[in-house]
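Thanks for sharing this one with me. Here are my notes, set out as numbered points so that you can follow them with the structure open.

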Amino acid sequence: MGRPTNPVAAGTSPRLRALAAYLRKLKDETRTTYATLSERTGPPNAPEYRGASTLSQATRGTHLPPLETVLAYARAAGDPGSHSTQRREATALSLWKAAAIEKARPHLAGRGRRTRQVRTPASLGQELTRLRLRAGRPSYSAIEKATKADGHRIPRSTAHLILNGKVLPSREQLSALLKAFDVSVADAARWHAVLDCIEDRRRPPEPPWRGRGYACADADPAVQEYLERRERDEEIKRRTGQIHSDETYEDYEERMRERAFQQQTSDDWLYEDYDESEGDDEPEDEVRGKHGPLSRPPSEPS
């Protein structure tokens, strides 16, 4: 049976601790050793093979193990192809994703751009990188394998260029990446609309007299000029500290509008107080009652 496994370290994050505890539970249920589990992962020269030390490290909770190792561990702890093994793999996958998101959370400080703010390949690459972090930061090799399994393989070098904003992805590449990052169908549709707008902005506009208009509002030259001014203004305000690190440009504008409204309200109150203090003059009606109706003085007799 082997010697007992040391307990998980006290400082381990909660979700990583839950993953390590589940892997240990699988080993206890099979009543076997890490060496036996290693043999069940396949022959030593097979890609799925994992050594006994690798499987043992996955249960320590000191670091997040690779997803491939976790799935190989879950398969080795049950009968291949059985429904119980499939449930174990699904549970292990769910726990691993939760632990991966927990690990990536410090890298997700601040708000992401709204989809309407993503107008260049660079900004699209940044937002895809955020989606990759939320998916547990899979390696480029894992991205290549996931996209290949989905039917549209994206090489590691191409994925690296797309996520770094050097290359604009095609619709097929974007779909494959979004699926690899577990993005929902509704959110994927929004990102495809973003890609359409970026492509329209990069495409030379057609003459307006053709009456066809623009497929995307951002493709209008006047809109492009306005958006570029906003980007320059936002960059200046961020460098000078006027826009907080966790704010978008729209958040800053809303904060300025609220400040202006509060200032206007304060000024109105001061003016009202000033008007009430100047009530020393008698009302016009009282003046008429004392001195008769207001009229021109009679002219002197000639």
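The points below go from the overall fold to helix packing and then to single residues.

1. First, a reminder that this is a predicted model. The protein has 13 helices and zero strands, so in sequence order the pattern is simply α-α-α-α-α-α-α-α-α-α-α-α-α, with helices counted as DSSP runs of at least four residues. Of the 302 residues, 34% are buried. The exposed surface comes to about 19800 Å², and carbon and sulfur atoms supply 51% of that area. Among contacts with a separation of 6 or more, 53% link residues 24 or more positions apart.

2. Helix packing deserves a look next. Two packed helices are described by the angle between their axes and the distance between the axes. For α7 (residues 140-150) and α9, the angle is about 115° and the axes are 9 Å apart. The range for roughly perpendicular runs from 65 to 115 degrees, and α7 and α9 are therefore placed in that class. Their crossing is right-handed. On the α7 side the contacts come from I143, A146, T147 and D150, which meet A176, L177, K179 and A180 of α9.

3. How do α6 and α10 pack, in angle and axis distance? The angle is about 165°, and the axes lie 11 Å apart. That makes the two helices, α6 and α10, roughly antiparallel. The crossing of α6 and α10 is left-handed. Here P121, L124, E127 and L131 from α6 meet W191, V194, L195, I198 and R202 from α10.

4. Helix α9 is worth following a little further. Its buried residues are Q173, L174, A176, L177 and L178, and they pack against α6 (121-134), α7, α8 and α10 (185-202). Two of the buried residues, A176 and L177, also appear in the contact set with α7.

5. What happens to the backbone just after α9? D182 takes a positive phi of about 60° there, and D182 is a residue other than glycine. It sits in the loop between α9 and α10. With a relative accessible area of 45%, D182 is partly exposed.

6. At the other end of α9, S170 belongs to the loop between α8 (156-163) and α9 (171-180). S170 counts as partly exposed because its relative accessibility is 27%. The C-alpha atoms of S170 and H192 are 9.8 Å apart, while 22 residues separate the pair along the chain.

7. Helix α4 (residues 67-76) is mostly covered, with seven of its ten residues buried. The buried residues are T69, V70, L71, A72, Y73, A74 and A76. One of them, A74, is touched by R88, which is placed in helix α5 (residues 83-104).

8. Is R88 buried or exposed? Its relative accessibility is 16%, so R88 counts as buried; the cut-off is under 20%. Leaving aside residues up to four places away in sequence, R88 touches Y22, L26, E29, T30, A74, A77 and G78.

9. T30 gives the view of that contact from helix α1. With residues up to four places away in sequence left out, T30 touches R40, A77 and R88. A77 is thus listed for both residues, T30 and R88. The side chain of T30 also reaches the backbone oxygen of K27, at 2.8 Å.

10. The loop between α1 and α2 holds R31. R31 is not a glycine, yet it has a positive phi of about 50°. At 66% relative accessibility, R31 counts as exposed.

11. T33 is also in the loop between α1 (14-30) and α2 (34-40). T33 counts as partly exposed because its relative accessibility is 25%. Its side chain makes a polar contact of 3.1 Å with the side chain of T36. The C-alpha atoms of T33 and S56 are separated by 9.6 Å, with the two residues 23 apart along the chain.

Key
Residues are numbered from 1 along each chain as its sequence is written. This is a predicted model: local features need pLDDT of at least 70, side-chain atom pairs count only at pLDDT 80 or more; totals for chains, interfaces and linings use all residues. Side-chain values use heavy atoms; hydrogens and water are left out. Buried means under 20% relative accessible area, exposed over 50%, partly exposed in between (1.4 Å probe, protein chains only). Contact means heavy atoms within 4.5 Å. Accessible areas come from the Shrake-Rupley method with a 1.4 Å probe; for residues, only the protein chains shown count as cover. A polar contact is a pair of N or O atoms within 3.5 Å; within protein, one must be able to donate a hydrogen and the other to accept it, and residues adjacent in sequence count only if both atoms are side-chain atoms. Axes are lines fitted to C-alpha atoms, for helices over the stretch in contact, and angles run from 0 to 180 degrees between N-to-C directions. Angles under 35 degrees count as roughly parallel, over 145 as roughly antiparallel, 65 to 115 as roughly perpendicular and the rest as oblique. A crossing is left-handed if the near helix is turned anticlockwise from the far one by less than a right angle, and right-handed if clockwise.
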